[in-house]
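The following exercises concern a single protein chain. Each task is followed by a solution that proceeds step by step.

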Amino acid sequence: MDLNLQFPANWENAKEIKYSQGFDKPAPRDFVGFGPLTEPEALSIYNFTLSHNFDLVISYHTQGQEIYWNFQNINPPRGFEIGTHFANSSGYLLTNVPYNSSFAGYKDWFILEFNRPRLYY
């Protein structure tokens with residue numbers, strides 16, 4: 001189970017894409033499961049996030065050394081600016097998520113649900 005494909009941010013799109021790529025049964029990566037939030041780890045992070053008022057989440061894609069800052073056409077307030085700051089600090093590349101990987105992630109759900117990050121300083 002890919003735990004970062006368990007969130008209710010157009011999960012059905014992720015299922016359609018990943019199943020069409022052959023990831024239609026339990027596997028070490030890219031298997032979205034049989035529904036969003038079916039895994040206790042994902043549900044725990046989801047509930048933890050709902051019970052706090054986070055201003056932002058940072059999504060470091062360590063395998064590709066990238067930072068994903070938006071979700072589809074949703075560009076949260078100051079998201080690009082904050083992403084640029086973290087990219088400059090980390091050496092990671094600030095980038096848009098490839099379409100086939102742009103659904104059902106934690107960051108995707110956070111942006112869709114809260115339209116954040118937003119920082120005031």
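**Exercise 1. Establish the order of the secondary-structure elements and the overall dimensions of the chain.**

Step 1. From the N terminus on, the elements run α-α-β-β-α-β-α. This gives four helices and three strands, where helices (H or I, at least four residues) and strands (E, at least two) are DSSP runs numbered from the N terminus.

Step 2. The model is a predicted one, in which local features need pLDDT of at least 70 and side-chain atom pairs count only at pLDDT 80 or more, while totals for chains, interfaces and linings use all residues. Residues are numbered from 1 along each chain as its sequence is written, and side-chain values use heavy atoms, with hydrogens and water left out.

Step 3. Compare the radius of gyration, taken over C-alpha atoms, with the globule rule of 2.2 Å times the number of residues to the power 0.38. For 121 residues a compact globule would have a radius near 14 Å, and the chain agrees with its 14 Å. The C-alpha trace spans about 45 × 30 × 25 Å along its principal axes.

Step 4. Consider burial, where buried means under 20% relative accessible area, exposed over 50%, and partly exposed in between (1.4 Å probe, protein chains only). Of the 121 residues, 39% count as buried.

Step 5. Consider contacts, defined as heavy atoms within 4.5 Å. Among contacts between residues at least 6 apart in sequence, 77% join residues at least 24 apart.

**Exercise 2. Describe the sheet and the surroundings of a residue in its strand 2.**

Step 1. Two strands are said to pair if DSSP finds at least two bridges between them. The three strands form an open sheet in the order 1-2-3, with mixed pairing. Strand 1 (60–61) and strand 3 (93–95) each have a single partner strand and stand at the edges, so one side of each is left without a neighbour in the sheet.

Step 2. Strand 1 pairs with strand 2 (residues 66–68) in the antiparallel sense, over two bridges. Tyrosine 60 has isoleucine 67 of strand 2 as its bridge partner. In general, strands of a sheet pair through backbone hydrogen bonds, either parallel or antiparallel.

Step 3. Tyrosine 68 is placed in strand 2. Is tyrosine 68 buried or exposed? Tyrosine 68 counts as buried because its relative accessibility is 12%.

Step 4. Leaving aside neighbours within four places in sequence, tyrosine 68 is in contact with Ser59, His61, Thr95, Asn96, Val97, Pro98 and Lys107. The C-alpha atoms of tyrosine 68 and serine 89 are separated by 15 Å, the two residues being 21 apart along the chain.

**Exercise 3. Determine how helix 4 is packed, and examine one acidic residue within it.**

Step 1. The buried residues of helix 4 (residues 106–114) are Tyr106, Lys107, Asp108, Trp109, Phe110 and Ile111. They pack against helix 2 (40–50) and strand 2.

Step 2. Aspartate 108 is located in helix 4. With 5% relative accessibility, aspartate 108 counts as buried. Aspartate 108 touches Ala9, Asn70, Phe71, Ser102 and Phe103, not counting residues up to four places away in sequence.

Step 3. Just after helix 4, asparagine 115 takes a positive phi of about 50 degrees.

**Exercise 4. Locate two further positive phi angles and classify the accessibility of their residues.**

Step 1. Most residues other than glycine have a negative phi. Glutamine 72, however, has a positive phi near 50 degrees, and arginine 78 has a positive phi near 65 degrees.

Step 2. Glutamine 72 lies in the loop between strand 2 and helix 3 (79–90). Arginine 78 is also found in the loop between strand 2 and helix 3.

Step 3. Glutamine 72 counts as partly exposed at 35% relative accessibility. Arginine 78 is partly exposed, with a relative accessible area of 26%.

**Exercise 5. Characterise the environment of aspartate 30.**

Step 1. Aspartate 30 lies in the loop between helix 1 (11–20) and helix 2. At 10% relative accessibility, aspartate 30 counts as buried.

Step 2. Which residues does aspartate 30 touch, not counting residues up to four places away in sequence? Aspartate 30 touches Asp2, Leu5, Lys18 and Phe23.

Step 3. Aspartate 30 and lysine 15 are 15 residues apart in sequence, and their C-alpha atoms are 9.4 Å apart in space.
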